[in-house]
Amino acid sequence: MNVHTYEKLWLIAAMVLIVGFIATITYGSVGLGIAMVGDQQETVEPTELADDERFGEPRVEQIGDDEYEVYVVAQTFSFQPDPIEVPENSQVTFHVTARDVIHSFSLAGTNVNTMVIPGEVAEMTVEFDDPEVYGVVCNEYCGPDHHNMEGQVHVVP
Ligand code: CUA
């Protein structure tokens, strides 16, 4: 093989990788039985979470037949509530804020992933079809125990 052939092979390999990355991002949750259907942002006073009607008591709230709202507080180095329990075949809107520093709220193995910033409320709606346990992980470095910051979402029958 001459140099040109190698160059061509590398170009093709790079192209395949790029297409693969895009496909992974676009179709990340297909086949996992869950889908992210939207996200938006609100605000909150991070020093007054205890008195906030949404975050004073982190919780799961049923708002319709198959509809749930979950209020989540991320802090060094845990998520509240934990575990978050929702039923299968439900549409769940997560409202997530941070008490102290920047964290993330990410469901391992899915494309459900949001940065969680003190003062801001990350909102996203997810449809859960099948019973499953998802790990909640933090993808933003937030301190010495960042790698141990984890929670769980239980999708129950
Ligand atoms: Cu919280 Cu990393």
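Which residues have the most contacts inside the largest nonpolar core? In this predicted model, residues are numbered from 1 along each chain as its sequence is written, local features need pLDDT of at least 70, side-chain atom pairs count only at pLDDT 80 or more, and totals for chains, interfaces and linings use all residues. Side-chain values use heavy atoms, with hydrogens and water left out.

The largest nonpolar core has 26 residues, and those with the most contacts inside it are Phe94, Phe105, Leu107, Phe128 and Val153. A nonpolar core is here a set of buried Ala, Val, Leu, Ile, Met, Phe, Trp, Tyr and Cys residues joined through side-chain atoms within 4.5 Å. Buried means under 20% relative accessible area, exposed means over 50%, and partly exposed lies in between (1.4 Å probe, protein chains only). At least two residues of this core come from each of the strands E3 (67-75), E5 (84-87), E6 (90-98), E7 (103-107), E9 (120-128), E10 (132-137) and E11 (150-156). A second, separate core of six residues includes Val44, Leu49, Tyr71 and Val73.

The secondary structure of the protein chain consists of one helix and 11 strands. Helices (H or I, at least four residues) and strands (E, at least two) are DSSP runs, numbered from the N terminus. The order of elements from the N terminus is α-β-β-β-β-β-β-β-β-β-β-β. Of the 157 residues in the protein chain, 36% are buried. Contact denotes heavy atoms within 4.5 Å. Among contacts with a separation of 6 or more, 63% join residues 24 or more positions apart.

Several strands are paired, a term that requires DSSP to find at least two bridges between two strands. E5 and E11 pair in the parallel sense over four bridges, and isoleucine 84 has valine 153 in E11 as its bridge partner. In a regular strand the side chains alternate between the two faces of the sheet. Along E5, Ile84 and Val86 point to one face and are buried, whereas Glu85 and Pro87 point to the other face and are not buried. E6 and E9 pair in the antiparallel sense over seven bridges; the bridge partner of histidine 95 in E9 is glutamate 123. Seven of the nine residues of E9 are buried, so this strand is largely enclosed by the rest of the structure.

E10 takes part in two antiparallel pairings: with E7 over two bridges, and with E11 over six bridges. Leucine 107 stands opposite valine 136 in E10. When neighbours within four places in sequence are left aside, leucine 107 is in contact with Ile34, Val112, Phe128, Tyr134, Gly135, Val136 and Val153. Valine 137 is located in strand E10, and its bridge partner in E11 is glutamate 150. With a relative accessible area of 25%, valine 137 is partly exposed. The C-alpha atoms of valine 137 and serine 106 are 5.2 Å apart in space, while the two residues are 31 residues apart in sequence. Apart from neighbours within four places in sequence, valine 137 is in contact with Phe79, Ser104, Phe105, Ser106 and Met149.

Side chains of opposite charge can pair when their charged atoms come close. A salt bridge is defined as a side-chain nitrogen of Lys or Arg within 4 Å of a carboxyl oxygen of Asp or Glu. By this rule the count is three salt bridges. One of them joins the side chains of arginine 54 and glutamate 42 (2.7 Å, N to O). Arginine 54 lies in the loop between strand E1 (34-43) and strand E2 (59-62) and glutamate 42 lies in strand E1, so the pair ties together parts that are 12 residues apart in sequence. Arginine 54 counts as buried at 18% relative accessibility, whereas glutamate 42 counts as partly exposed at 35%. Arginine 54 also meets aspartate 52 in a salt bridge (3.1 Å, N to O), and aspartate 52 is buried, with a relative accessible area of 17%. Salt bridges that share partners thus join Glu42, Asp52 and Arg54 into one network. Glutamate 61 and arginine 59 form a salt bridge through their side chains (2.7 Å, N to O), and glutamate 61 is partly exposed, with a relative accessible area of 31%.
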